[in-house]
Amino acid sequence: MTAREVLDAAVPALAAAGCDTPRLDAELLVASALGVDRAALVTEPGTPVPPAASRLLSEWVRRRGAREPVAYILGRKGFRRIELDVDARVLIPRPETELLVELALDLPEGARVHDVGTGSGAVALALLDERPDLAVSASDRSPAAVAVARANAQRLHLSLSVEVADGLPDGDYELVLANLPYVREDEWAGLAPEITRHEPREALVAGEDGLDAIRALVAGAPAGTHLALEHAPDQGEAVRALLHAPSTYEDLAGRERVTAGSVP
Ligand SMILES: C[S@@+](CC[C@H](N)C(=O)[O-])C[C@H]1O[C@@H](n2cnc3c(N)ncnc32)[C@H](O)[C@@H]1O
């Protein structure tokens, strides 16, 4: 079989399984199985697919057909300038979360920054990669997520200390960044199968109005702590009400996604 033939078989199979972007997904899987980049599938469609790659691909297409995200199948996800190892122990980092990193880029040299609910380590590690002078630390209440974040830090040669903690660990921070769970209980069942079947529910759902984790963080942090909190587009007003002197930042689509302010 050639690369084009396996692609031509995978795309309709993934479309039939309900995947939103079957061609893109198939290209990512085929390119990865062959160890080439996606462009090579277009320029060299006749590349033969060796039997081992073909067996691997059948398994990957089956998994993607069961709506497992491509990032879990390949075990990695790009986030700003870094690639993170990800698996079902952690949320797959989302592009909108890059906004949290951007908010910290202008901090003065040496500033102390903490990432609460770090998951794969995405926010803290991307920030350290771009601003190695900052004193960045991270935490998560999930020991499994902490293990993933520590492994990512080691692999990326970034010096990040990550601890298991519920809420904000004691410390003196110029800025605390947090992409905590903010999905409402009643929203969960309506989310895509990629999320409900494969991502950790406890990394996403936070009570009836989705604000339990954010409220608890604000309640437990010392007065005056500067926080930048990612939230759902319709939660801006509620999050502003929790903070002193809040400012809300929008994503590229103009939706309110991050609110920063200090703990009253
Ligand atoms: C939405 S995920 C975000 C992960 C990562 N920050 C990212 O953007 O990819 C939320 C993370 O917060 C963690 N978490 C939830 N409640 C927490 C709490 N009270 N204290 C610390 N971490 C918490 C979860 O274990 C999960 O890893």
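The central feature of this predicted model is an open sheet of 7 strands, arranged in the order S5-S4-S3-S6-S7-S9-S8 with mixed pairing. Its edges are formed by strand S5 (161–164) and strand S8 (244–250); each of these has a single partner strand, so one side of each is left without a neighbour in the sheet. On average, neighbouring strands of this sheet are turned by 20 degrees against each other, direction ignored.

The mixed character of the pairing can be followed strand by strand. In general, the strands of a sheet pair through backbone hydrogen bonds, in either a parallel or an antiparallel sense. Strand S3 (residues 112–116) and strand S4 (residues 135–140) illustrate the parallel case, being joined by 5 bridges. Within this pair, Val113 has Val136 of S4 as its bridge partner. Two helices pack on the sheet in this region. H7 touches S3, S4 and strand S6 (175–178), and the direction of H7 makes about 170 degrees with that of S4. Helix H8 (residues 143–155) touches S4 and S5, and its direction makes about 170 degrees with that of S5.

The antiparallel case is found with S8 and strand S9 (residues 256–262), which are joined by 5 bridges. In this pair, His244 stands opposite Ser262 in S9. The two strands form a hairpin with 5 residues between them, and Gly254 in this hairpin takes a positive phi near 80 degrees.

Helix H10 is another element that can be related to the sheet. Which residues of H10 are buried? They are Ala213, Ile214, Leu217 and Val218. These residues lie on the same side of H10, because they cover an arc of only 130 degrees around the axis. The partners against which the buried residues of H10 pack are S3, S6, strand S7 (226–230) and helix H11 (236–240). Ala216 is also found in helix H10, but this residue is partly exposed, because 16 other C-beta atoms lie within 10 Å, whereas a buried residue requires 20 or more.

Leu242 provides a link back to this helix. Its place is in the loop between H11 and S8. Leaving aside residues up to four places away in sequence, Leu242 touches Arg215 and Val218, the latter being one of the buried residues of H10. Leu242 itself is partly exposed, with 19 other C-beta atoms within 10 Å.

The ligand site also involves H10. The shell around the ligand comprises 25 residues, of which Gly117, Gly119, Ser142, Asn179 and Ala203 come nearest. The elements that give two or more residues to this shell are helix H7 (122–130) and helix H10 (212–220). By class, the shell contains 13 nonpolar, 8 polar and 4 charged residues. H7 and H10 can thus be viewed in two settings: both contribute to the ligand shell, while H7 packs on the sheet and the buried residues of H10 pack against S3, S6 and S7, among others.

A further pair of strands is formed by S1 and S2, which pair in the antiparallel sense over 4 bridges. Arg76 has Asp85 of S2 as its bridge partner. In a regular strand, side chains alternate between the two faces of the sheet. S1 shows a covered face, with Lys77 and Phe79, and an uncovered face, with Arg76 and Gly78. The separation of this part of the chain from the parts described above can be expressed through two C-alpha to C-alpha distances. Leu242 and Phe79 are 163 residues apart in sequence and 29 Å apart in space. Ala216 and Gly75 are 141 residues apart in sequence and 32 Å apart in space.

Two arginine residues merit attention for their backbone geometry. What sign does phi of Arg80 have, positive or negative? The value is positive, near 50 degrees, in a residue other than glycine. Arg80 lies in the loop between strand S1 (76–79) and strand S2 (82–85), and the hairpin of these strands has 2 residues between them. Arg67 likewise has a positive phi, of about 70 degrees, although it is not a glycine. The place of Arg67 is in the loop between helix H4 (51–65) and helix H5 (70–74). Arg67 is partly exposed, with 17 other C-beta atoms within 10 Å, and Arg80 is partly exposed with 17 such atoms within 10 Å.

How values were computed: Residues are numbered from 1 along each chain as its sequence is written. A residue is near a molecule or strand if its C-beta atom, placed from the backbone, lies within 6 Å of it. Ala, Val, Leu, Ile, Met, Phe, Trp, Tyr, Cys and Pro count as nonpolar, Asp, Glu, Lys and Arg as charged, and the others, Gly among them, as polar. A residue is buried if 20 or more other C-beta atoms lie within 10 Å of its own, exposed if 12 or fewer, and partly exposed in between; C-beta atoms are placed from the backbone. Two strands pair if DSSP finds at least two bridges between them. Axes are lines fitted to C-alpha atoms, for helices over the stretch in contact, and angles run from 0 to 180 degrees between N-to-C directions. Two residues are in contact if their C-beta atoms, placed from the backbone, lie within 7 Å. The arc is that of the directions from the helix axis to the C-beta atoms.
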